Amino acid sequence: MHIHELKLKDYRNYEDVTLPFKDQVNVILGENAQGKTNLMESIYVLAMARSHRTPRDRELIRWDQPFARVGGSFTNRHGKFDMELVFSKQGKKVKVNGLEKKRLSDYIGTCTIVMFAPEDLTLVKGSPQVRRRFLDMEMGQINSVYLYHLSQYYKALKQRNQWLKDIRDKRKTPDEAMLDVMTEQLIQSGAELLVRRFSFLDTLEAWAAPIHRDISRGKEVLTLSYEPTVPAEAGMNAAETADVLRAEFSRVRDQELRRGTTQIGPHRDDLAFFVNGRSIQTYGSQGQQRTTALSLKLAEIELIHEKTGEYPILLLDDVLSELDDHRQTHLLNSIKGKVQTFVTTTSVDGIDHQLLREAATFYVQEGTIVRNE
């Protein structure tokens with residue numbers, strides 16, 4: 001998977017930009033607050049139809065402008081294609097080869113992407129929400145069915161939470177039949193999510209464990225564990241998982257009515273990471289946590305290739321300076337020759353690697369970009 005050209009119109013601090021890219025490595029240089037991360041974000045947004053930095057699409061539109069447009073020309077093993085995304089006050093529209101896609105699940109996954117930014121180094125120690133988002137974003141790219149069930153789950157969850165809140169606040173008369181219907185909708189979608197998350201994590205561990213072992217020079221064994229809020233287990237099918245959810249929702253029914261919110265389900269689950277059998281969230285050093293985060297990102301690349309037949313585009317946003325020489329070298333050696341990569345940094349001084357010496361270089365200053373020929 002390669003992006004050959006990126007076009008931005010009134011996106012963040014970019015007024016009108018067209019950029020050609022190299023198939024291997026592209027380095028974006030510039031001081032802080034000049035637009036490097038905005039450029040990197042725009043590629044991510046084009047692939048994922050949402051920002052990794054803000055949930056508010058309006059923030060992506062340049063000041064006082066009615067809309068923002070991001071477009072790109074790509075090549076994968078099937079040939080060339082174009083993608084386009086337009087944000088406006090009316091919402092967002094997505095197109096592939098000029099044809100509008102009504103459902104985001106039909107758009108996301110057209111271009112696969114892996115983002116590695118400084119905040120990803122907090123994946124291990126961060127909140128459960130960060131880890132759930134990691135799962136959802138990566139799984140959504142390679143499995144449109146998962147993305148569909150995720151959308152259905154959160155739609156049902158929102159309705160159910162509002163209903164429970166209204167009951168708690170006595171704005172509605174309790175209706176047991178209505179609660180049963182809403183709960184069953186949540187159970188059906190939730191069961192599908194759980195089955196797929198367990199399976200995905202098994203595959204991710206199979207890729208991440210040997211990568212982690214190599215980075216740690218054979219000293220550490222990484223294992224991953226999905227931590228559900230219900231007693232579901234890997235290997236259960238959707239019907240068995242739905243039965244578990246049904247029993248648990250029955251158990252917490254009175255508690256949910258008192259609290260006015262849904263207490264269990266995939267929206268409250270978590271991931272756990274272990275090195276040599278010990279929780280690195282609790283006992284791990286910063287180095288072990290960073291090695292785990294790097295291992296997961298490199299595993300994502302290989303997993304996406306395994307599932308789609310394509311290597312994703314890799315975005316390294318100001319992350320190289322956060323890694324020591326050993327981890328830097330391992331990362332750059334791992335992607336050399338197979339993954340189109342974008343690197344943002346204030347300087348390449350101190351990063352001695354052939355990959356960066358052969359890269360196309362772009363300089364960013366106040367929303368203006370110049371390529372070094």
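Long-range contacts dominate the count in this predicted model. Take contacts between residues at least 6 apart in sequence: 71% of them join residues at least 24 apart.

**Overall build**

The chain has nine helices and 15 strands. Its radius of gyration is 22 Å, and the globule rule gives 21 Å for 373 residues, so the chain is as compact as a globular protein of that length. Along the principal axes, the C-alpha atoms fill a box of roughly 70 × 55 × 35 Å.

Buried residues account for 51% of the 373 residues. The chain exposes about 17,500 Å². Carbon and sulfur atoms supply 46% of that area. As for charge, there are 52 positive and 52 negative groups. Their mean positions lie 4 Å apart.

**Two nonpolar cores**

In soluble globular proteins, nonpolar side chains tend to be buried together. Here the largest nonpolar core holds 66 residues. Which of them touch the most other members? They are L204, L296, I301, L316, L320, L331 and I335. Helix α4, residues 176–215, gives the most to this core, with twelve residues. A second, separate core has 45 residues, including L46, A47, M83 and V364.

L320 gives a close-up of the largest core, being one of the residues that touch the most other members. Neighbours within four places in sequence are left aside here. L320 is then in contact with Q328, L331, L332, V343, I351 and L356. Of these partners, L331 is also on the list of residues with the most contacts to other core members.

**A helix position: L150**

L150 lies in helix α3, which spans residues 144–168. Is L150 buried or exposed? Its relative accessibility is 12%, under the 20% cut-off, so L150 counts as buried. Residues up to four places away in sequence are not counted in what follows. L150 touches D136, L193 and R197. L150 and I187 are 37 residues apart in sequence, and their C-alpha atoms are 12 Å apart in space.

**Two positive phi angles**

Most residues other than glycine have a negative phi. R12 and A49 do not follow that pattern in this model.

R12 has a positive phi of about 50 degrees. R12 is found in the loop between β1 (2–11) and β2 (14–20). Its relative accessibility is 17%, so R12 counts as buried.

Phi of A49 is near 65 degrees, again a positive value. A49 lies in the loop between α1 (36–48) and β4 (67–76). With a relative accessible area of 1%, A49 is buried too.

**Three partly exposed loop positions**

P228 sits in the loop between β9 (222–227) and α5 (238–251). At a relative accessible area of 24%, P228 is partly exposed. Not counting residues up to four places away in sequence, P228 touches L194, F198 and D269.

T122 and S127 are both in the loop between β8 and α2. Strand β8 covers 113–116, and helix α2 covers 128–142. What relative accessibility does T122 have? The value is 39%, and T122 counts as partly exposed. S127 also counts as partly exposed, at 33%.

**Sequence separation against spatial distance**

The table sets out C-alpha pairs that involve the residues described above.

| Pair | Apart in sequence | C-alpha to C-alpha |
|---|---|---|
| L150 and I187 | 37 residues | 12 Å |
| P228 and L271 | 43 residues | 8.4 Å |
| T122 and F74 | 48 residues | 31 Å |
| S127 and D270 | 143 residues | 8.8 Å |

Two entries deserve a second look. S127 and D270 are 143 residues apart along the chain, yet 8.8 Å separates their C-alpha atoms. T122 and F74 are 48 residues apart in sequence, and 31 Å apart in space.

Notes:
Residues are numbered from 1 along each chain as its sequence is written. This is a predicted model: local features need pLDDT of at least 70, side-chain atom pairs count only at pLDDT 80 or more; totals for chains, interfaces and linings use all residues. Side-chain values use heavy atoms; hydrogens and water are left out. Helices (H or I, at least four residues) and strands (E, at least two) are DSSP runs, numbered from the N terminus. The radius of gyration is taken over C-alpha atoms; the globule rule is 2.2 Å times the number of residues to the power 0.38. Buried means under 20% relative accessible area, exposed over 50%, partly exposed in between (1.4 Å probe, protein chains only). Contact means heavy atoms within 4.5 Å. Accessible areas come from the Shrake-Rupley method with a 1.4 Å probe; for residues, only the protein chains shown count as cover. Lys and Arg count as positive and Asp and Glu as negative; His and the chain ends are not counted. The place of a charge is taken as NZ of Lys, CZ of Arg, CG of Asp or CD of Glu. A nonpolar core is a set of buried Ala, Val, Leu, Ile, Met, Phe, Trp, Tyr and Cys residues joined through side-chain atoms within 4.5 Å.
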